[in-house]
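Q: I am a first-year student and would like a close look at one loop residue, followed by an account of the chains around it. Could you take me through this slowly, from the single residue outwards?

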Number of protein chains: 2
Amino acid sequence: MSELRWHPFLGEWVVTATHRQERTFFPPEGFCPLCPTKPGGPPTEIPCDNYEIAVFENKFPSLRTPPLPPEVGGSDLIPARPSDGVCEVVCYSPDHDATLAGLPLRQIRKLVRVWRDRYIDLIARPTVRYVYIFENKGKEIGVTLSHPHGQIYAYPFIPRAIGNRLDAERRHFERRGTRLAQDWLAEETKDGRRVVWESDAWIAVVPTFARYPYETHLAPKSHVPNLRALDDTGLDGLAEGLRVVTQKLDRLFGFSMPYIMSLFQHEADYTWLIVELNPPYRTADKLKYLAGSEAACGVFINDTLPEETAARLRAL
Amino acid sequence: MSELRWHPFLGEWVVTATHRQERTFFPPEGFCPLCPTKPGGPPTEIPCDNYEIAVFENKFPSLRTPPLPPEVGGSDLIPARPSDGVCEVVCYSPDHDATLAGLPLRQIRKLVRVWRDRYIDLIARPTVRYVYIFENKGKEIGVTLSHPHGQIYAYPFIPRAIGNRLDAERRHFERRGTRLAQDWLAEETKDGRRVVWESDAWIAVVPTFARYPYETHLAPKSHVPNLRALDDTGLDGLAEGLRVVTQKLDRLFGFSMPYIMSLFQHEADYTWLIVELNPPYRTADKLKYLAGSEAACGVFINDTLPEETAARLRAL
C-alpha cells in the first residue's frame, strides 16, 4: 500500500507507504547489498563485480512509476492520490568503508556528474515536479546501511518546504530584480565572519540564520540555478567544495560526521543552487534534537553562534 | 547572547541563544532540580518541601522578558530582533518517578487547570503572539530531566508552522462557513476506522493524514478554540482523554512511551483546540527519524497505515 494523503492543517502531502516497514532486512554477516556482487557470492543490488558509481531504483520506494493505485482513498477535504515518482539510490564508491569526505577528488568529480545526469533525466519526466538529491549519513540520522551512498527522490509535487523557499526567491526577484541568494551571499562575503571556505567560484558559509550548530551552505558565487547550468569547470569546483566542507566536518570532533546533505535547485531562473549540510551534533557528545518547538512550530533554537562555529570550521 | 534571526528562504525566525549550550549541568547523584527542596538538602528550582503542580520560568530560557539586546544585529535582508517572550517549566507532580499517564485523574484535572491559567495570563501580555504548551518526553526526544514536566513557550511572533495552520483554518472558514477541524472530525467519526477512543464530548483519532505511526489527536467534539473556552466539565473531559491516550501509548509496546505532546490553540474563533501526541517509535525497537525528506522538504513518510495503528490503540 502506498498513497499520498493531504494534511489539511499543514498543507502538505504525507507519503503513506506500508510496504516500507519491512525494509530493514538482516543481511548475512559481512554482506552489504550496496557492494559489488562478488564472483560466486550472493547477489547484491549491483549485479557486477565492480563499479565506479552505481544508480538504481530503491527496492522499498516511497514513490514509484507507475504508482500503486490508492487503496483507502480520500475525500474532498482530505484528498488522496497515487504516490507517483521515483526513488533512486546512488552508490558513491564500490569501497564499503569509504565516505564522501574520504573519496579521491576525481571520484567526487564523477559523482557530481552523475547527479547532474540524474537531475536532467528526472526533472524532464512529465509526472515529476521536484528532484531532491540528498544524503542521509550516519546512524544518528537513522541510516542502517553504512556503505557510502546518497538518494534521489523525484516528487510528483513541489514539497511544502521547497514551495516556501521558491516563493520567497520568486517574490524577492520580482520586488528587487536581484536574486535572494545573490544578495544574501553578498552580505556574507562583505561581513566575512561566517565564511568557512572559498575558491574563485564557490563559497561555503554557516549562514547568519543557521538552524543547526554547524549547518554549512555551499553555493556558487555567480548565478547557477541548478546542476544543468554547471559546465565542467563548475562541476569540478562543486566537487572541490564538497570535499573541503565534508573533511572540515570530519575534523571538527575527530569522527566521521553524520549529516543530512540536501541539494536545493530548480528550473526557475530566480533560484540558486545551494548544497546544505546539517550535522546533528552540537558538541562532540551532544546531539541537537528536533523537539516541540522545532518539530511542531517550526521554530529552531540554535544554541551556538554562527559567527563562532564558522570560525571553528574555517580554522580546520 | 540571545536574539531572533530571520531565515529569508524559509520565512521563519530562528532563536540564536548561546547561553543555553551550558544548560546540561550535572546535578549531584540523586539530586533532581524539579523535585521539592528537601529540608536541609540542596535547593532545587522549587524552594519548598512539597507542591501540587509547580510553574516557574526556565533557568536557561530561549525567550525572556525583558529580552537581551541583540548583539550581532541584522540587515534589511536578514533582520534580527530581541528574543522577547517567556519560557516556563510546568512540573506535573512532586513524585520524581511519575509520568502523565500514571498520575491520578484528580492530578491531571489540576494540570489542565494550570495550563488554562497560564494560557490566559500569557496570551494577554502585549508582546506575546502565540502560547505553545507542550511536553517533550523521553531521552529519545533529547530530554535530560526525567522528572515529569512540560513546558510553555510564549513566542513574540506566530511561529511559521502555526501560521500555516491558522491560515488553513481561516481560509476554510471563509470559504465554507464551517471549521476545518469540525469537518475533519465529522469525516473521522463517520468513517470510524481511525477512532482510538471517545467520550460524550471528546474524541481521539489517528488522523488519515498522520505523519508519525502512532500520532494521536485528542479534540473536543464541539467547538472549543482554546483552553479559555473550557468550563469545568470540559477541563475534566480533557483530563480524562489525556489519561486514556497516554495510557494506551504506554501499553502499546510495554514501556513508558516517549512523545512530543503539543497543544494547538489560539484566540481566533475559526480555530479548534487539538492536543497532538507524536511518539517517535514505529515499532517496539525502531525509531522514526526525521531525515532528508522530512527535515529538508517537509514530506513525511509514514511506514504504517493509520487505519491499522488506530485499531491497535483502540483495542488496548
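A: The residue to begin with is B:Asp97, which has its place in the loop between β5 (86-91) and α1 (105-123) of chain B. The model in which we look at this residue is a predicted one. Is B:Asp97 buried or exposed? A residue counts as exposed if 12 or fewer other C-beta atoms lie within 10 Å of its own, and because B:Asp97 has 9 other C-beta atoms within 10 Å, this residue is exposed. A second residue of chain B helps to place the loop: B:Asp97 and B:Glu308 are separated by 211 residues in sequence, and from C-alpha to C-alpha they lie 32 Å apart in space.

The next step leads to chain A, where a strand β5 covers residues 86-91 and pairs with β7(A) in the antiparallel sense over 6 bridges. In this pairing, A:Val90 stands opposite A:Gly150 of β7(A). The strand β7(A) also has β6(A) as a partner, again running antiparallel, with 5 bridges joining the two, and here A:Ile133 is the residue that stands opposite A:Ile152 of β7(A). Strand β7 (residues 149-155) of chain A is largely enclosed by the rest of the structure, because 6 of its 7 residues are buried.

Seen as a whole, chain A has a secondary structure of 6 helices and 15 strands. Its radius of gyration is 20 Å, close to the 20 Å that the globule rule gives for 316 residues, so chain A is as compact as a globular protein of that length. The C-alpha trace of chain A spans about 55 × 55 × 40 Å along its principal axes, and 46% of the 316 residues in the chain are buried. Of the contacts in chain A between residues at least 6 apart in sequence, 64% join residues that are at least 24 apart.

The domain assignment divides chain A into domain 1 (2-160) and domain 2 (162-315), and the centres of these two domains, taken over C-alpha atoms, are 23 Å apart. Where they meet, 25 residues of domain 1 of chain A are in contact with 28 residues of domain 2 of chain A. On the domain 1 side, α1 (105-123) and β6 (130-137) of chain A each supply at least two of the touching residues, and α1(A) gives the largest share, with 10 residues. Sorted by class, this side of domain 1 of chain A has 15 nonpolar, 3 polar and 7 charged residues.

The last step is from one chain to the pair, in which the contact takes 63 residues from chain A and 63 residues from chain B. The side of chain B that touches chain A consists of 36 nonpolar, 17 polar and 10 charged residues. Strands also pair across the two chains, since 2 bridges join strand β2 (residues 12-17) of chain A to strand β15 (residues 301-302) of chain B, and these two run parallel; within them, A:Val15 stands opposite B:Ile301 of β15(B). How are the two chains related? Chain B is superposed on chain A by a rotation of 180° with 0.0 Å of shift along its axis, at an RMSD of 0.0 Å, and that is the relation of a two-fold axis. The same surface serves both copies, in that 100% of the contact residues of chain B recur in chain A.

Technical notes: Residues numbered from 1 in each chain as written. Chains lettered and ligands numbered in written order. Predicted model: local features only at pLDDT ≥ 70, side-chain atom pairs only at ≥ 80, totals over all residues. Helix = DSSP H or I, 4+ residues; strand = E, 2+ residues; numbered from the N terminus. Rg over C-alpha atoms; globule rule 2.2 N^0.38 Å. Buried ≥ 20, exposed ≤ 12 C-beta atoms within 10 Å, placed from the backbone. Contact = placed C-beta atoms within 7 Å. Domains from an automatic or database assignment. Nonpolar A, V, L, I, M, F, W, Y, C, P; charged D, E, K, R; others polar. Pairing = 2+ DSSP bridges. Least-squares fit on C-alpha atoms with pLDDT ≥ 70 in both.
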